[in-house]
Amino acid sequence: MVDKDKHASRRDVLKLTGVGIGAATGISMTGTVAARVPCTGCDGGGGGGSGSGSPPPTPQTGPYTVDDGEVELTGWAYGTDVEAWFEWGPEGDGFPYDTELRVIGDNASFTGHPVGEESGITYEYRAVAYNDYGRTEGATRTFSF
């Protein structure tokens, strides 16, 4: 497990409670999805390293959106029980910050929400995936608002 602060945003809690509500009301929610669906608009990643005892395949760094002043980064991670997040920071300063941690059950998209960014500054970000065998980083993209 990655040693980083783990917290869930309000949006995460609402997503997770949908399953609990369905179970409580008796709605059947069975089925699995294991297809490698491409991340629309993502840069690089998704190849190699999926064998037993290997770091996760390179995650895809997707586009960003801005809604009511909140930036949402998107990405795609491959594998099972993979931890994923975004590293970000002002362009040229490396990646001193990271977003909330997501646990990917099986080949899934994920989001991240940078905190403390300012308008008028260009930031760079990249998706990161981690499992017990190591970490991989996706392509670097930029955002500003």
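**Core packing and aromatic links**

In this predicted model, Ala77 makes contact with Val82, Ala84, Ile104, Asn107, Ala108 and Phe110, leaving aside residues up to four places away in sequence. Ala77 also turns up among the residues with the most contacts inside the largest nonpolar core, alongside Leu73, Phe86, Ile104, Phe110, Tyr125 and Phe143. That core has 14 residues in total. Two or more of its residues come from each of strand S2 (70-90), strand S4 (102-112) and strand S5 (123-131). The biggest share is from S2, which puts in seven residues.

Stepping back to the overall layout, the chain holds one helix and seven strands. Reading from the N terminus, the order is α-β-β-β-β-β-β-β, so the helix precedes the strands, given that elements are numbered from that end. Of the 145 residues, 37% count as buried. Among contacts with a separation of 6 or more, 57% are between residues 24 or more positions apart. As for the surface, the chain exposes about 8,100 Å², and carbon and sulfur atoms supply 51% of that area.

Aromatic side chains come next. Across the whole structure, eight aromatic pairs were found. One of them brings together Tyr64 and Phe143, whose ring centres sit 5.6 Å apart; with the planes at 50°, the pair counts as tilted, because that angle falls between the 30 and 60 degree limits for stacked and edge-to-face. Tyr64 belongs to strand S1 and Phe143 to strand S7 (residues 141-143), so this pair ties together parts that are 79 residues apart in sequence. The two partners differ in exposure: Tyr64, at 30% relative accessibility, is partly exposed, whereas Phe143, at 1%, is buried. Both rings also take part in a cluster linked by ring pairs, which includes Phe86, Trp88, Tyr97, Phe110, Tyr123 and Tyr125 as well. Of these, Phe86, Phe110, Tyr125 and Phe143 appear again among the residues with the most contacts inside the core.

Strand S1 (residues 60-67) is also home to Thr61. Is this residue buried or exposed? Thr61 has a relative accessible area of 0% and therefore counts as buried, the cut-off being under 20%. Its side chain has polar partners on the backbone of other residues. The backbone nitrogen of Ala127 is reached by the Thr61 side chain at 3.1 Å, and a polar atom of that side chain lies 2.7 Å from the backbone oxygen of Ala139.

Definitions and conventions:
Residues numbered from 1 in each chain as written. Predicted model: local features only at pLDDT ≥ 70, side-chain atom pairs only at ≥ 80, totals over all residues. Heavy atoms only, no water. Core = buried A, V, L, I, M, F, W, Y, C linked by side-chain atoms within 4.5 Å. Buried < 20%, exposed > 50% of the residue type's maximum accessible area, 1.4 Å probe, protein only. Helix = DSSP H or I, 4+ residues; strand = E, 2+ residues; numbered from the N terminus. Contact = heavy atoms within 4.5 Å. Polar contact = N/O pair within 3.5 Å; in protein donor to acceptor, adjacent residues only side chain to side chain. Phe/Tyr/Trp six-rings, centres within 6.5 Å; stacked < 30°, edge-to-face > 60°. Areas by Shrake-Rupley, 256 points an atom, 1.4 Å probe, with all protein chains shown as cover.
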